Amino acid sequence: MEPLTTSTSTTSSSSSSSSSSSSSSSSSPPKQRIPKKRYLHDYGRYSSEFNSGFRLWLEKWNRRSISISLILIVLVVLTLLFPVLAIVALALDLYHYKRRRGLNYVRILTFFESYLFIELIALISTFLIYFIHLLSLLVVSDPGKARFFRWNYWYQSWWGGEMLFGWSCYLLGIDVQIEVAGDVNSSFIAHYYDKGFKKRLADSLGIGPKIIFSRHASFADTLVPQGIFSLFYHMRYIVKKELLWDPALDVSGSRTPNFFLFRDAGTDGMEVEIEAIKSMVSDFKPTEPDVTCIWPEGTRFSKSKREKVLESFKKKNDTKNYELASNLKHTLLPRVGGVLSLLEANPCGDILFCSHFGMEASSDFGQMMNGELCNRVVKIKFEQIKYKDIPKTKQERIDWLLRKWVDIDQWIDQQDKLYKNEKLSLKKKKSE
């Protein structure tokens, strides 16, 4: 929803009055944008300007009718064109093969075709789950929708974890290496495809509530928690409302505790968003495997966005934050509001800081189409902080978060140097 713009209108009966009106408006102060009041509801896991059930229903299904139609149209067109596009992709790969030795364009084309099919399968699956659940109610009741939640968590683990993350990594030739460190039962480094890896991860971290603070550098990194944790944990996400235009995510994400954040709510409207963010952890119980994920930077990192952030602090004469942000080479300065709200409402959850390197190769559509993510080693590191060790005061928590983000940035810088050295070494070997 776009913020409401206030405006005034005048009627003129002659050209002179029209000219006077124009002169008056040119000297008037800039128009102010006033966000509309928003309401939280359980109908779609996001805030809305509407507070009536019918309007909420209409808003949701208007969006879904468009997004589902677009997915189906693109799927049909791409499937029909696939044989021709595959020949073109293969020809381009053969042309570039000596330089990069991989069928990157073929992989990317196959990935997009598979993604669209996975979306279609997801939509059919969600319908079947809903229909079967309705039939099951004729036989046995489902207090609190416990059975419905359980079925949807299972489906989301398969769809988001096995298909979107696991199958996509396989298609793109990505080798995912995971490191687990911090206050854990056992630290280790393993590969995503290692047998029993997810069970080993759960044993190391312990089954209990967690909050993940993750670096955000690409489209792909939002799938990391789902791909790695969803087999043994119930995943919750705080993501931007624009992602509701992914129809499978819209339908599936509305059935379990997630929140689609409206980032343009304004200072007053953000109170509603913060209330919803707190609800994502306030019901944590020590023995329940619930995991809430948030990306504190608020947007994907890029060099241009980093420069904009620095310029913003410079204009505000905010020397402290300017200095902090300028020391970060690969990440943006975290926005502390959402993090502090989660920590304030958190009754017992441990914290996981997620660093990753390699997924920035898909930070924009051009990189994806060029196959820069293909045949890569992606490194992901989780550092666990136990609930008892989380700082207690607001300022202590801010300082702690910023220190951790500096650690994440430095770890990424180390991985970047290692990667560049390896590439240089391979280039020298080829030239010899």
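Let's begin at lysine 420, which forms a salt bridge with aspartate 416; the closest N and O atoms of the pair are 3.1 Å apart. This is a predicted model, so every distance here comes from predicted atom positions. Where do lysine 420 and aspartate 416 lie? Both belong to helix H13, which covers residues 394-431, and they sit 4 residues apart, about one turn of the helix. Is aspartate 416 buried or exposed? Its relative accessibility is 14%, and because buried means under 20%, aspartate 416 counts as buried.

Now look at another helix, H5, made of residues 197-205. Here aspartate 203 forms a salt bridge with lysine 199, and their closest N and O atoms are 3.0 Å apart. These two residues are 4 residues apart in helix H5, so about one helical turn separates them. What about their surroundings? Aspartate 203 has 42% relative accessibility and therefore counts as partly exposed. Lysine 199 is partly exposed as well, with a relative accessible area of 42%.

The next pair takes us from helices to strands. The side chains of lysine 210 and aspartate 350 meet in a salt bridge, with 3.4 Å from N to O. This pair links distant parts of the chain: lysine 210 is in strand S7 (residues 210-214), aspartate 350 is in strand S11 (residues 350-357), and their positions lie 140 residues apart in the numbering. Are these two buried or exposed? Lysine 210 has just 1% relative accessibility, so it counts as buried. Aspartate 350 is buried too, with a relative accessible area of 10%.

Salt bridges can also join up. Arg63, Arg64 and Asp250 are linked in a network of salt bridges. How many salt bridges are there by this rule? The count comes to 16.

With these examples in mind, step back to the whole protein chain. It has 13 helices and 12 strands, among them the helices H5 and H13 and the strands S7 and S11 that you have just visited. Of its 432 residues, 46% count as buried. How does the chain come together across its sequence? Among contacts between residues at least 6 apart in sequence, 72% join residues at least 24 apart. On the outside, the accessible surface comes to about 23300 Å², and 60% of that surface belongs to carbon and sulfur atoms.

How values were computed:
Residues numbered from 1 in each chain as written. Predicted model: local features only at pLDDT ≥ 70, side-chain atom pairs only at ≥ 80, totals over all residues. Heavy atoms only, no water. Buried < 20%, exposed > 50% of the residue type's maximum accessible area, 1.4 Å probe, protein only. Contact = heavy atoms within 4.5 Å. Areas by Shrake-Rupley, 256 points an atom, 1.4 Å probe, with all protein chains shown as cover. Salt bridge = Lys/Arg side-chain N within 4 Å of Asp/Glu carboxyl O.
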